[in-house]
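These are my notebook entries on a structure I looked up, set down in the order in which I went through it.

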Amino acid sequence: MARPRRPRITTSSQKIKTEAKSKSGLRPADALASSQQSLQVQAIKDRSKVEPRTTYASKTSSQTAPSTTVTYSFKERLEQRKRSVRRRRLIWLGSFLGIGVALGGVIWALLFSPLCELDKDQIRLKGEFNRVSEKDVRERLHDLQGRSLFLLTNSAVEQQLMDIAWIKHSEVEWNFPHGMTVTLSEKKPVAVVRVKQQLYLTDTHATLLPIVKEDDKQFPLIIIKGTHNSHADLDSGLHILKILKDPVLSRLEDITVQKTQLVTLHLSGGVVIEWGDDDDNDMKMKVLHTLLQRSASVYDVSDPIHPVTS
């Protein structure tokens, strides 16, 4: 039995070659260009058969879903805005309240809680204690026990110590959380003062101070006989004492101030110097040094221009 013959399939390129052979009358270059053009046209046709062309409009229309338009009325928008404003205000109010509570807690902890209160056992004392008793100082600072260090000031400490006459100045250093260091300086005595048969010590500011030690009586003696203005009389005596020099100072027994602020110096050996008032002290001192070269029992320099000896 004879096998059936397979039909012969002619491709587009073979067709183009056949056509090119049939057009043998053309020039080779024109025939090649015509062949290439026929190939491009056939390729476009084949592609259009395999994949149908899809336009941009059809793609976008198939990919996008139908949208729903939501509209709000003016009243609804207004209510929504009011709710947003109320929400922000509540957030602000809550924040302020939280900050206020936190600050209040910190202030209470620092000022009123035991966190920073003063402990009397942690008070340190430094400085001079020649005539100031450390025991007296601690007794007066005991009243500050339990107070917050943030509420204590230098003036508060000085007020507690102001009745101790010998304290000149105090400085406070805070040792958190429960202690402090107090540095004291004492007044410096320069003379013994006798007022109405009572003996005191005095500093350069004419402050009457109690005698604490037995050797305090070794200072020069100023006798105040006036009763009208004893502070002014004492101040005059201190001014004169400050400018005295040897040999007068080394022989000085006392400085007597009368009620009219007239000053008399008594030296060893019964020598008396009539100084007069508290004026022209430097000139009187120079004149007195010249007069002391003469032997006399009384030297009157109350008028330094006309001194008198006897």
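**Entry 1: Asn281**

Which side chain does a polar contact of 2.5 Å join to that of Asn281? I looked this up first, bearing in mind that the model is predicted. The partner is Asp278, the two side chains being joined at 2.5 Å. I located Asn281 in helix α9. Its relative accessibility is 13%, so I count Asn281 as buried, the limit being under 20%. I then listed its contacts, leaving aside neighbours within four places in sequence: Asn281 touches Ile240, Ile243 and Trp275.

**Entry 2: Lys284**

I turned next to Lys284, which lies in helix α9, residues 281–291. Is this lysine buried or exposed? Lys284 is buried, as its relative accessible area is 1%. I looked for a polar partner and found the backbone oxygen of Asp279 at 3.1 Å from a polar atom of the Lys284 side chain. With neighbours within four places in sequence left aside, I recorded contacts of Lys284 with Trp275, Gly276, Asp277, Asp279, Val301, Ser302 and Pro304. Trp275 thus appears in the contact list of Lys284 and also in that of Asn281.

**Entry 3: Helix α9 as a unit**

I extended the query to the helix. Besides Asn281 and Lys284, the buried residues of α9 are Met285, Val287, Leu288 and Leu291. What do the buried residues of α9 pack against? I found two helices, α7 (230–243) and α8 (248–251), together with the strands β10, β11 (298–300) and β12 (308–309).

**Entry 4: Gly270**

I placed Gly270 in the loop between β9 (263–267) and β10 (271–276). Gly270 is exposed, with a relative accessible area of 55%. I checked its distance to Ser297: the C-alpha atoms are 6.9 Å apart in space, although 27 residues separate Gly270 and Ser297 in sequence.

**Entry 5: Salt bridges**

Side chains of opposite charge can pair when their charged atoms come close. How many salt bridges does a search of the whole structure find? The search returned six, and I noted three of them.

- Lys188 and Glu128 meet through their side chains at 3.3 Å, N to O. Lys188 is in the loop between β3 and β4 (191–195) and Glu128 in the loop between β1 (123–127) and α5, so this bridge ties together parts that are 60 residues apart in sequence. I noted Lys188 as partly exposed at 48% relative accessibility, and Glu128 as partly exposed at 29%.
- Glu134 and Arg138 form a salt bridge at 3.5 Å, N to O. Both belong to helix α5 and are four residues apart, which means a separation of about one helical turn. Glu134 is partly exposed at 39%, and Arg138 is partly exposed at 34%.
- Asp121 pairs with Lys120, the closest N and O atoms lying 3.4 Å apart. Here Asp121 is exposed, its relative accessible area being 62%, whereas Lys120 is partly exposed at 34%.

**Entry 6: Aromatic rings**

I searched for aromatic pairs and obtained one. It consists of Phe150 and Phe176, with 5.1 Å between the ring centres and 40° between the planes. Why is this pair called tilted? Planes under 30 degrees apart count as stacked and planes over 60 as edge-to-face, so the angle of 40° leaves the pair as tilted. The pair links distant parts of the chain, 26 residues apart: Phe150 is in the loop between α5 (134–141) and α6 (154–161), and Phe176 is in the loop between β2 (167–175) and β3 (179–186). I recorded both rings as belonging to partly exposed residues, Phe150 at 43% and Phe176 at 48%.

I also looked for a charge over a ring. The charged end of Arg131 sits over the ring of Trp166, at 5.3 Å from its centre.

**Entry 7: The chain overall**

I closed with the totals. The secondary structure of the protein chain comprises nine helices and twelve strands. Of its 310 residues, 26% are buried. Among contacts with a separation of 6 or more, 49% are between residues 24 or more positions apart. The accessible surface comes to about 22,300 Å², and carbon and sulfur atoms contribute 54% of it.

Conventions:
Residues numbered from 1 in each chain as written. Predicted model: local features only at pLDDT ≥ 70, side-chain atom pairs only at ≥ 80, totals over all residues. Heavy atoms only, no water. Phe/Tyr/Trp six-rings, centres within 6.5 Å; stacked < 30°, edge-to-face > 60°. Buried < 20%, exposed > 50% of the residue type's maximum accessible area, 1.4 Å probe, protein only. Lys NZ or Arg CZ within 6 Å of the ring centre and 35° of its normal. Polar contact = N/O pair within 3.5 Å; in protein donor to acceptor, adjacent residues only side chain to side chain. Contact = heavy atoms within 4.5 Å. Areas by Shrake-Rupley, 256 points an atom, 1.4 Å probe, with all protein chains shown as cover. Salt bridge = Lys/Arg side-chain N within 4 Å of Asp/Glu carboxyl O.
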